[in-house]
Each structure stands twice: as C-alpha cells, then as structure tokens.
Amino acid sequence: MISPRKIKSVDFYRKIPRDLTEASLSGAGLSIVAALSMLLLFGMELSSYLTVSTTTSIIIDRSSDGDFLRMDFNISFPSLSCEFASVDVSDVLGTNRLNVTKTIRKFSIDSNLRPTGSEFHSGEVLSHVNHGDETGEELVEGSVALSARNFDTFLHQYPISVVNFYAPWCYWCNLLKPSWEKAANQIKERYDPEMDGRVILAKVDCTQEVDLCRRNHIQGYPSIRIFRKGSDLGDDNAHHDHESYYGDRDTESLVKMVIGLVEPIHLEPQKLALEDKSDNASKTLKKAPSTGGCRIEGYMRVKKVPGNLMVSARSESHSFDSSQMNMSHVVNHLSFGRRILPGTFADLKRVAPYLGGSHNRLDDRSFINQHDIGPNVTIEHYLQIVKTEVSKSNGHAMIEEYEYTAHSSVAHSYYLPVAKFHFELSPMQVLITENSKSFSHFITNVCAIIGGVFTVAGILDSIFHQTMTLMKKIELGKNF
C-alpha cells in the first residue's frame with residue numbers, strides 16, 4: 001500500500017510556512033499591478049472570444065434558389081404613355097417574352113413624375129384588328145379636319161366627338177382611312193350634324209398639328225379618341241379625361257361603336273351618356289391615359305444567363321414616329337434576388353461592411369435624353385451581377401444577396417428607341433464565412449494570461465528583491 005508520505009513527494013506546490021515568508025512594499029505594488037494586468041488582459045480576451053471574425057473567399061456559384069432569378073424594378077418614364085408601354089424579356093437561350101403584363105403594374109404620371117390617377121389597365125387587346133376591304137372604293141371624305149384653332153370649339157359643340165389622330169406616312173393610318181371616311185359619311189347621314197347635333201367624326205394630322213397631338217398625349221398612330229362634351233379640359237396643363245378605341249377598324253365596327261355612344265344620349269338627355277355600359281364598349285373602349293408618362297413597377301423571374309429587359313412602345317396595330325420617342329427614365333428601384341429588409345442589415349452589423357452597398361446601385365438615378373443628343377436615342381444599362389452569401393462556420397447560410405455594377409450609355413438607333421437593361425450573372429460568388437472561437441481556446445488563453453502574468457510578476461519581484469538585498473550588503477560592507 002502506498003503511504004501518504006510517498007504521495008506527498010509528487011506535490012508540485014509545496015507550502016512554505018507563513019512565518020518564514022516576508023512581505024514587502026515592492027511585492028505588494030507588483031501584486032496590484034499584476035492583478036490589474038490580469039483583469040485587463042482577461043477583458044480583452046473575453047471581448048475577442050465574443051467577437052465573430054469573418055473570412056472572405058471566391059468560389060463557384062452554388063446557389064440553391066434554382067435556375068431563375070427574381071428581378072424587381074420600379075421605373076418612371078415621363079414621356080412614354082402607359083397606353084403603349086411594353087416590357088419585354090429575352091436571353092441567350094432563346095427566351096423572348098413580349099409585353100409581359102402578369103406581374104407588371106402601370107401608373108400614369110405627369111412630366112414631374114407625380115401620379116395622376118389609379119393603376120392603368122390596358123384591358124384586352126385584339127391580336128388582329130380588322131380594317132375592312134374598302135381600299136378599292138372611291139374615297140369621299142366625310143370627317144372634319146381639325147386644327148389647334150377649332151379643336152376646342154368642336155369638342156364643346158357636340159356631346160360626342162370621335163377624333164382620329166393620324167400621320168400620312170403611317171401604314172395603319174392609310175389602312176384605316178377608307179373605313180374611317182365611309183363611317184363618317186354614314187354617321188353624318190344617320191345623325192345630321194346640324195339637325196341632330198349629337199356626334200361628329202373628325203381627324204387631326206399630327207404631322208401638321210404637332211403641339212395639339214402632344215397636348216392630347218398621342219404617341220401611336222392612328223389613335224382614335226372619344227371626347228365627351230364637358231369632360232375634357234382645354235388648358236394645356238390640365239389632365240384630359242377621355243377614352244381610346246381599340247376595336248376593329250372596318251366601317252361596320254366603327255359605325256356600331258359610334259351608334260353605341262350616341263343612342264344613350266337620346267335616352268338619357270340629362271346625363272349626356274357619360275359612359276356606355278354595354279359589353280361591346282367594355283372590350284373596345286378604354287379610358288385613355290390622362291398624361292403622357294408612365295411608371296412601371298413589378299417583378300420578373302429571369303433565367304440565370306445573359307439576357308435583356310427592354311421597355312419600349314409596342315403595338316400590333318399602331319405606328320410610332322421614332323424621332324419623337326423619348327425614352328428618358330428615372331430608376332426608382334432595381335434589384336435582383338429576394339428583397340432584404342433594412343432591419344436585416346441592422347441585425348448583422350458585423351457583416352455590414354460587406355453587404356448592402358451595391359444591391360440597388362441604380363436606385364434614384366435619372367437618365368434623361370437631352371435635346372442636344374438628337375432623336376432615335378436608346379439608353380442602355382450593362383449590369384454585372386455577383387452573388388454574396390454569408391454563412392456560419394457550420395455551412396448554414398444566414399443571408400444571400402445579389403449585388404451588381406452598372407455602366408450606362410446612350411446610342412443612336414435606326415429603329416424604335418428603347419430603354420435596355422442588359423444583365424449578366426457571374427459564375428463565381430463571394431462567400432463570407434463567420435468564424436467563432438471555441439470555448440476551449442478561450443479557457444486556454446485565460447490560463448495562459450493568469451500563469452504568464454503571475455510568473456513574470458514573480459520574476460520581477462525576485463529580481464527587485466535580490467537587487468535591494470545586494471545594495472544593503474554593499475552599504476553594510478562600506479560601514480565596516
């Protein structure tokens with residue numbers, strides 16, 4: 001059996017009787033300094049343990065959100081009417097989606113980007129507009145030619161004024177012309193302007209009356225507008241409240257449309273047929289834009305390959321004067337991926353320097369086509385997108401964000417001007433990994449601090465004590 005004395009022989013911490021030790025002021029001072037040093041170093045080590053460090057690396061994109069990327073946007077076009085504004089998407093794999101409407105909303109705005117009404121609904125658009133077959137007949141003009149001098153007079157003289165805004169060079173206008181004039185003659189015979197006075201069919205040449213057409217926000221030809229007496233304001237800066245006709249353009253359809261507008265006036269003379277409730281009217285008559293601008297907002301899911309988002313004027317039955325199209329715009333918001341709330345960045349202050357700086361780089365930026373640039377100007381934006389992911393040391397993703405760089409330019413085009421956003425997703429991604437220290441590492445460092453400070457203080461105290469003892473011996477030697 002092992003005796004207690006043998007066990008005591010392996011004691012590393014042998015005790016010295018208290019009466020054999022000697023306290024000194026220098027030792028007390030060093031003890032206080034050592035204790036304060038231990039507390040200071042312990043606090044620094046604790047702060048380092050609680051602080052999470054990060055490492056940044058570049059890896060191949062390992063996205064878990066599939067092959068599609070969400071694209072959110074809110075763009076204001078002060079000179080593009082919601083009536084013809086079209087959002088198109090294409091990519092290098094052959095995707096070509098024209099006039100996307102499912103996830104898009106449009107709001108009419110004025111030149112100062114202020115909204116002028118509720119959401120604009122274009123309604124059902126006919127895929128094929130019938131123009132009739134009157135081209136071989138002798139043309140007898142029956143509609144009244146209006147100009148800026150007599151436009152307001154006629155609009156206030158007749159309860160219903162149906163006006164064709166056209167351009168002589170327009171292909172669709174020339175197809176409409178025979179049907180329009182024939183319909184005007186039939187309406188004139190049915191509702192004599194002097195005897196009946198309820199309706200008139202008129203026309204405006206927009207190449208001659210540029211300011212008048214601009215005042216009525218005409219951007220596509222032909223545009224058939226229905227003006228009701230008393231509902232349209234003559235002030236150039238006022239909002240115009242009228243309707244557009246989107247139905248077939250053959251003589252029979254035009255006459256039927258006008259009759260549907262005129263008949264309620266005879267039945268309800270006090271109300272002047274403020275609106276036609278028939279099903280036919282709901283399909284072919286829609287409220288015209290009250291101003292010439294449009295704010296387009298919404299989102300799309302695009303493939304993660306190089307592609308384009310384009311906004312332009314588009315119609316299957318209208319022509320556009322490219323020299324008069326102005327694609328100036330203000331990007332209110334443009335981002336990719338799931339939208340991250342500002343509060344999320346606040347909760348992740350430690351990674352704030354790495355995130356949130358470029359996920360909306362184009363926000364609140366204006367791209368205005370100045371007059372000195374010239375007509376037929378396309379505004380292009382080239383966006384390079386990089387994914388940034390923040391994950392814990394165990395691989396769990398905390399946040400994913402898509403950031404992008406943007407380079408913009410203007411280019412003259414022979415075709416219809418557009419606002420073009422070319423996007424390209426990088427095959428690489430930025431990975432930010434949080435590295436937290438283990439508790440064992442913290443305990444080891446704390447022990448090292450305590451032992452190290454204690455040992456160094458003991459060495460200093462021993463040196464100081466031996467020095468003082470030697471100096472006393474030297475002084476005693478001198479006295480002898």
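In the protein chain, residues 24 or more positions apart account for 83% of the contacts with a separation of 6 or more, where contact means heavy atoms within 4.5 Å. The model is predicted: local features need pLDDT of at least 70, side-chain atom pairs count only at pLDDT 80 or more, and totals for chains, interfaces and linings use all residues. Residues are numbered from 1 along each chain as its sequence is written, and side-chain values use heavy atoms, with hydrogens and water left out.

**Exercise 1. Take stock of the chain and find what Ser-57 touches.**

Step 1. The protein chain has nine helices and 19 strands; these are DSSP runs numbered from the N terminus, helices being H or I with at least four residues and strands E with at least two.

Step 2. Of its 480 residues, 41% are buried. Buried means under 20% relative accessible area, exposed over 50%, and partly exposed in between, with a 1.4 Å probe and protein chains only.

Step 3. Now go to strand β1 (residues 53–60), where you will find Ser-57. Ser-57 counts as partly exposed because its relative accessibility is 28%.

Step 4. Setting aside neighbours within four places in sequence, Ser-57 is in contact with Gln-429, Val-430 and Leu-431. From Ser-57 to Ile-432 the C-alpha to C-alpha distance is 6.5 Å, although 375 residues separate them in sequence.

**Exercise 2. Work out how strand β2 is placed.**

Step 1. Eight of the 10 residues of β2 (residues 68–77) are buried, so the strand is largely enclosed by the rest of the structure.

Step 2. Look for partners; two strands pair if DSSP finds at least two bridges between them. β2 pairs with β13 (residues 293–303) in the antiparallel sense over 10 bridges. With β15 (residues 329–336), β2 pairs in the antiparallel sense over six bridges.

Step 3. Follow Asp-72: Tyr-299 stands opposite this residue in β13, and Ser-335 is its bridge partner in β15.

**Exercise 3. Check helix α2, then describe the second largest pocket.**

Step 1. The expected span of a helix is 1.5 Å times one less than its number of residues. For the 26 residues of α2 this gives 38 Å, and the end C-alpha atoms are 38 Å apart, so the two agree. Gly-27, Ala-34 and Glu-45 of α2 are buried.

Step 2. A pocket is an open set of points on a 1 Å grid over the protein atoms alone, where a 1.4 Å probe fits, with protein on both sides within 12 Å along at least five of seven lines; lining residues have an atom within 4 Å of a point. The second largest pocket has 14 lining residues, and Ile-16, Thr-21, Phe-454, Gly-458 and Asp-461 lie nearest its centre.

Step 3. α2 (25–50) and α9 (439–479) each supply at least two lining residues. With six residues, α2 gives the most.

**Exercise 4. Locate the unusual backbone geometry.**

Step 1. Start from the general rule: most residues other than glycine have a negative phi, and most peptide bonds are trans.

Step 2. The Tyr-221 to Pro-222 peptide bond is cis, with omega near -10°. Pro-222 sits in the loop between α5 (210–215) and β10 (223–228).

Step 3. Leu-113, which is not a glycine, has a positive phi of about 70°. Its loop runs between β5 (104–109) and β6 (115–120), and at 31% relative accessibility Leu-113 is partly exposed.

Step 4. Asp-364 has a positive phi near 65°. This residue lies in the loop between α8 (342–347) and β16 (365–367), and Asp-364 is exposed, with a relative accessible area of 64%.
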